[in-house]
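I opened this notebook to keep track of what I looked up, entry by entry, for a reader who comes to the structure without any background.

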Amino acid sequence: MQLPIVKVAPVVEIHAKIFQNLFANRRQFLHFQNYLTGLIVLENKSLANIARCLLESADKTNLSRFLSEAPWQENKVNERRIEYMMKMTSAHRLEAKESALVIDDTLCEHVGSLFEYIDRHYNHGADSYPLAHNLVSSYYVSGAVRFPVDAHLYRRYEEVTQWSDFVQKHFPTETIPTEKKQRMSFHKRVAPVLLKDPAFCALHEQFRTKITLSTELLERTTIHGLPFQWVLFDSWYLSPEFVAEIEKHGKDWISILKSNRNLETNSFVLLDADGQPIPLAGPHIKVSDLVPLIPQNAYKPIQIDQRTYYTFTLVVHIPSIGKVRLVVSFDNPDLKGTYALLVSNRLNCLAITMISTYLLRWPIETFYQDSKQQLGLDEYRMRTAEAIKNHWCLVFVAYSFLHLDCLSASLPKKHTSPQKSIGEAARQQVQALIQDLILYTHHALSKGQPIQDLFASLFAKQQPSTPKQVACQV
């Protein structure tokens, strides 16, 4: 939508009041509502374009100061949002034992290196290293209810510690390798020298791994009082430290397992098609070597949401992780092609429960997609980390408001997913604002305002400035 915006979006008007006392004055609260409206209804979500389209806003510098300098606190806004979401979704949420917290991360890619903390991060899908910010976030799923909880910015070790600069300082004649394995070896070789430098050591202490960040996200759920039993994540987060933290909180977890992980052969017995034990050589076996040994008659079909999975399950021991329930799953009865590997600390869990529960992880993927395509999660142009975090916070608010609108079409606890998409909800907000614009125009014309003057005022900020106008503005 590039038409003038004469009112805030209806969904913002309905829900924004709960945040009003978190802002210092009426103007800040209006900026809050205007920015949310721009994120929801405009295709171009830049500060300049939002200011251009809002009839009652001044210029982009006001919105810029709101994001980078205004004394509102994004953590307070986020806490209020979660509290409000828990209150507004109580009729739609399932019991804690059927609810999950999902941990994942996404890249917000950019061109140019002027953004604070931007660095090259690995993109698994494209097998590339784009300039990006890496956002690690937690996401709550309970039946039709799903919304983001908290987020942290992950910063690579080399960026946090200014590693290249210190290498140049202490090893001026050395060339830093670019290949991954050689670079890792180089890291290990230079680390003892770098860690003797007090300035480098101070930066080294500031580094936080994704596992550390995910642990902090889990701990935040206790403060929020989120009711859930399951923690879901991919193989990147399957570490002894993280699963221990999950279990310390009394939660169960399910993760994807990489096929190159080792299993302890003395922890299980694998039977052949005739029910006889299959001898396994050595203390360990890779999962990729184990799967071909599993007889076809050991796989059992299960059906979830009208889709059939062919599964085999076994309790095994993974070094450093401990005892887990392993599920091997194919999507065809011939057991051909790729397969999925799931593991969980709940040893008595059925394969159908593990798969159906792990499928609750998918909504975080659609959240990342919706928040980028519909709400501009990665379309910011602010340079400072503080302003960028504020932007992400407001994207989470806009998404939550739209999700509440989606839930309004769902029967309480009767639907396991919203009956309206985020994209559909956003388009309805656009339609509502077009209606408001028509009514605004009709009212002005009925009061006798000349149509030329009306249109001039509506589109004044969207007209290109002439050289004379620019001189006047200066």
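**Entry 1: the whole chain**

I began with contacts, and among those between residues at least 6 apart in sequence, 64% join residues at least 24 apart. I noted beside this that the model is a predicted one. I then looked up the overall make-up, and the protein has 18 helices and twelve strands, with a C-alpha trace that spans about 95 × 65 × 40 Å along its principal axes. Of the 474 residues, 49% are buried, and the area that the protein exposes comes to about 23,600 Å², of which carbon and sulfur atoms supply 52%.

**Entry 2: the largest pocket**

I turned next to the largest pocket, for which I wrote down a volume of about 1,600 Å³. Its lining counts 38 residues, and the closest to its centre are Tyr-122, Tyr-154, Arg-156, Lys-180 and Trp-236. I also asked which elements each supply at least two residues of the lining. The list runs through strand 1 (100-109), strand 2, helix 6 (157-161), helix 8 (180-194), helix 10 (210-224) and helix 14 (362-373).

**Entry 3: Arg-156 and its partners**

Arg-156 had come up at the pocket centre, and I followed it into the salt bridges, of which the count comes to 17. Asp-119 forms one of them with Arg-156, the closest N and O atoms being 2.9 Å apart. This pair links distant parts of the chain, since Asp-119 is in strand 2 while Arg-156 is in the loop between strand 4 (145-154) and helix 6, 37 residues apart. Glu-158 also forms a salt bridge with Arg-156, here with the closest N and O atoms 3.7 Å apart.

Is each of these side chains buried or exposed, I wondered, beginning with Asp-119? Asp-119 has a relative accessible area of 14%, so it is buried, and Glu-158 counts as buried because its relative accessibility is 12%. Arg-156 stands at 23% relative accessibility and therefore counts as partly exposed, given that buried means under 20%.

**Entry 4: further salt bridges**

I then looked up Asp-150 and Arg-220, whose side chains meet in a salt bridge at 3.9 Å, N to O. This pair, too, links distant parts of the chain, with Asp-150 in strand 4 and Arg-220 in helix 10, 70 residues apart. Asp-150 counts as buried because its relative accessibility is 8%, whereas Arg-220, at 24%, counts as partly exposed. I added a network of salt bridges that links Asp-104, Asp-234, Arg-361 and Glu-365.

**Entry 5: His-121**

I went on to His-121, which lies in the loop between strand 2 (119-120) and strand 3 (131-142). At 3% relative accessibility His-121 counts as buried. Which residues does His-121 touch, not counting those up to four places away in sequence? I listed Leu-107, Ser-128, Tyr-129, Pro-130, Ala-132, Asn-134, Tyr-154 and Arg-156, and in this list I met again Tyr-154 and Arg-156 from the centre of the largest pocket.

**Entry 6: a patch on the surface**

Last, I looked at the surface, where Leu-3, Ile-434 and Ile-438 make a nonpolar patch of about 230 Å². Ile-438 is found in helix 16 (residues 422-446). Its relative accessibility is 54%, so I entered Ile-438 as exposed.

Terms used
Residues are numbered from 1 along each chain as its sequence is written. This is a predicted model: local features need pLDDT of at least 70, side-chain atom pairs count only at pLDDT 80 or more; totals for chains, interfaces and linings use all residues. Side-chain values use heavy atoms; hydrogens and water are left out. Patches are made of residues with over 30% relative accessible area and no salt bridge: like charges are joined within 9 Å, nonpolar side chains (Val, Leu, Ile, Met, Phe, Trp, Tyr) within 5 Å. Accessible areas come from the Shrake-Rupley method with a 1.4 Å probe; for residues, only the protein chains shown count as cover. A salt bridge is a side-chain nitrogen of Lys or Arg within 4 Å of a carboxyl oxygen of Asp or Glu. Helices (H or I, at least four residues) and strands (E, at least two) are DSSP runs, numbered from the N terminus. Buried means under 20% relative accessible area, exposed over 50%, partly exposed in between (1.4 Å probe, protein chains only). Contact means heavy atoms within 4.5 Å. On a 1 Å grid over the protein atoms alone, a cavity is a set of points where a 1.4 Å probe fits but cannot get out, and a pocket is an open set with protein on both sides within 12 Å along at least five of seven lines; lining residues have an atom within 4 Å of a point. Grid points are joined across faces, edges and corners, and a volume is the space filled by probe spheres set on the points.
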